[in-house]
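Q: Could we go through this structure together, beginning with one chain and then turning to the contacts?

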Amino acid sequence: MVAVAVIEPDAQLMLRVKEGDSASFALLLERHRAPVVHFLYRMVQNQAVAEELAQEAFLRVYRARASYEPTAKFTTWLFRIATHLALNSLRDGRFQRFHESLDQEDQQAASREVADRRPTIEQRLVDRARLEEVRGAIAALPAKQRAAVLMHKYQEMEYSQIARVLNCSESALKSLLFRAYETLRARLAHMA
Amino acid sequence: MECPAKERDGAAVLLDYCTRKLDPRSAAVVERHVAQCAACQDCIQAQQAVWTALDGWEAVPVSPDFDRKLYRRIEREERPARWGERLWPLRGLSLRPALSLALASVVLLAAILIRPAPPRPVHAPQQAQVESLDADRLERALDDVEMLRQLDAGSSAGSQSM
């Protein structure tokens with residue numbers, strides 16, 4: 001009996017991109033644009049830089065289409081590229097030039113609101129202080145721990161997939177997450 | 001069960017328990033332990049607080065012009081190739097015939113330019129011709145002299161007989 005390897009839908013789309021089908025690339029972009037941008041945003045904590053890095057990540061995917069082989073999950077490959085770009089950006093300190101304050105974020109959020117369900121000023125100040133604390137706690141983590149926590153918490157990736165993205169063993173990843181959550185518990189436990 | 005809060009691999013079990021990723025059987029084992037372990041209770045409570053705090057951090061929506069910017073970058077990257085295509089419209093053809101033709105032309109031109117000068121005409125035939133011409137003239141001159149002598153002899157014989 002011949003075993004047939006099942007190729008995941010994203011990998012199938014990428015194989016079509018390899019054959020020159022630009023519509024498949026548009027589908028992949030539609031599917032993964034938001035998760036990648038959100039991951040990068042939480043990594044570098046700046047929307048403009050996050051989007052720039054996300055575009056670079058998708059550009060690299062497109063560039064590599066000719067040599068693409070579905071050896072791993074598409075998202076593993078995509079997040080490996082995105083993580084690599086984020087770690088480089090953090091290391092170079094490029095994000096500091098674009099540092100974004102919470103005020104800017106509030107303005108953007110306010111402009112998106114449709115109904116007048118805004119909380120009171122006091123509530124907004126409390127929320128803002130809490131958010132600042134969370135952002136600060138995440139930003140204080142070493143970059144690799146930060147990436148691991150963000151993929152684990154927000155992308156809900158399995159340990160094995162995160163380990164592949166970060167190019168480490170599963171046990172090394174568990175140690176990484178253990179240290180990261182230990183630090184976060186120490187900083188954020190009072191927010192319960 | 002060993003206390004998961006005190007070992008690294010165990011912490012992953014507590015983490016999975018908090019995120020409800022454990023299978024029901026493993027979850028039941030953890031619950032039995034946690035019920036009598038203050039350290040694990042504290043750990044789970046703190047972890048859930050972290051989880052709730054992280055939930056409050058919503059990402060900003062992606063800009064509406066994200067795709068447009070990306071496709072513009074892709075187009076910009078592909079442009080040099082198009083320019084290359086314009087500069088070399090015969091890229092599909094093999095260079096070998098053209099090179100062979102060019103090489104043959106160079107060899108032909110060199111052959112024309114470096115061709116040895118035609119051999120200079122040898123003077124000997126001319127000399128022979130001159131010599132042959134001179135011999136004829138000499139022969140004719142001798143005949144003329146002989147004829148004049150005969151005429152002279154005839155005229156002198158005629159005068160004597162008169």
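A: The following exchange concerns a predicted model.

Q: What helices and strands does chain B have?
A: Chain B has 6 helices and 0 strands. Read from the N terminus, the order of its elements is α-α-α-α-α-α.

Q: And how much of chain B is buried?
A: Of the 162 residues in chain B, 11% are buried.

Q: What share of its contacts links residues 24 or more positions apart?
A: Counting contacts in chain B with a separation of 6 or more, 50% are between residues 24 or more positions apart.

Q: Turning to the interface, how many residues does each chain bring to the contact?
A: Chain A contributes 32 residues and chain B contributes 26 residues.

Q: Which elements of chain B give two or more residues to that side?
A: These are α1 (8-18), α3 (38-55) and α4 (66-87) of chain B. The largest share, 8 residues, is supplied by α3(B).

Q: What is the chemical make-up of that side of chain B?
A: The side of chain B that touches chain A holds 16 nonpolar, 5 polar and 5 charged residues.

Q: Now to chain A: at what angle do α2 and α7 cross?
A: In chain A, the axes of α2 (residues 22-44) and α7 (residues 143-153) cross at roughly 145° and come within 10 Å.

Q: Is that crossing left-handed or right-handed?
A: The crossing of α2(A) past α7(A) is right-handed.

Q: Which residues meet there?
A: From α2(A), A:Phe39, A:Arg42 and A:Met43 meet A:Arg146, A:Ala147 and A:Leu150 of α7(A). The residues of this contact comprise 4 nonpolar, 2 charged and no polar.

Key
Residues numbered from 1 in each chain as written. Chains lettered and ligands numbered in written order. Predicted model: local features only at pLDDT ≥ 70, side-chain atom pairs only at ≥ 80, totals over all residues. Axes fitted to C-alpha atoms, helices over the stretch in contact; angles between N-to-C directions. Helix = DSSP H or I, 4+ residues; strand = E, 2+ residues; numbered from the N terminus. Left-handed = near helix turned anticlockwise from the far one by under 90°. Contact = placed C-beta atoms within 7 Å. Nonpolar A, V, L, I, M, F, W, Y, C, P; charged D, E, K, R; others polar. Buried ≥ 20, exposed ≤ 12 C-beta atoms within 10 Å, placed from the backbone.
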